[in-house]
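Hello,

Here is the structure I promised to pass on to you. Have a look at it first, and my notes follow below.

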Amino acid sequence: SHLAAPCRSDLRYAPVSPAGRPQPPDPNLEGGPPHRGRPLATAVIIGSVGAAIAYQVGPPTIVATFDFAYVGFAAIWGFVFFAEVPGAVTVAGMILIVVAGLLVTRRSQDR
């Protein structure tokens, strides 16, 4: 784990090695173009507004059930981009979400 020490040049915090020597800033986290995070921010805003509209328009029980679909997508993208293999608990949780979604959908169709 990294400790943090103030950087005199710009008052930000820089990682410090366990021996106490300052480390150079990570180029993946700092120093990029200011527009670097805009696509992600735009996607988050669109998703949040879409979810709010879905809760207002659709039946909340169905929307809430499928709102948790992000867990499955997170596991898929983790595998695709980072070669992460979902654990048994993650897979069991995804199965429970799918089953709950199917039960809620079936129940609402019976009404």
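Valine 80 sits in helix H3, which covers residues 70–82; helices here are DSSP runs of H or I with at least four residues, strands are runs of E with at least two, and both are numbered from the N terminus. Together with Phe73, Ile76, Trp77, Phe79, Phe81, Phe82 and Val85, Val80 makes a nonpolar surface patch of about 950 Å². A patch takes residues with over 30% relative accessible area and no salt bridge (a side-chain nitrogen of Lys or Arg within 4 Å of a carboxyl oxygen of Asp or Glu), and nonpolar side chains (Val, Leu, Ile, Met, Phe, Trp, Tyr) are joined within 5 Å, like charges within 9 Å.

Please keep in mind that this is a predicted model, where local features need pLDDT of at least 70, side-chain atom pairs count only at pLDDT 80 or more, and totals for chains, interfaces and linings use all residues. Residues are numbered from 1 along each chain as its sequence is written, and side-chain values use heavy atoms, leaving out hydrogens and water.

On confidence, the chain has a mean pLDDT (the predictor's confidence in each residue, from 0 to 100) of 75, with 66% of residues at 70 or more. Helix H1 (residues 38–57) has the highest mean, 89, and strand S1 (residues 3–6) the lowest, 50.

As for the overall fold, the chain has four helices and two strands, in the order β-β-α-α-α-α along the sequence.

Happy exploring!

Conventions: Areas by Shrake-Rupley, 256 points an atom, 1.4 Å probe, with all protein chains shown as cover.
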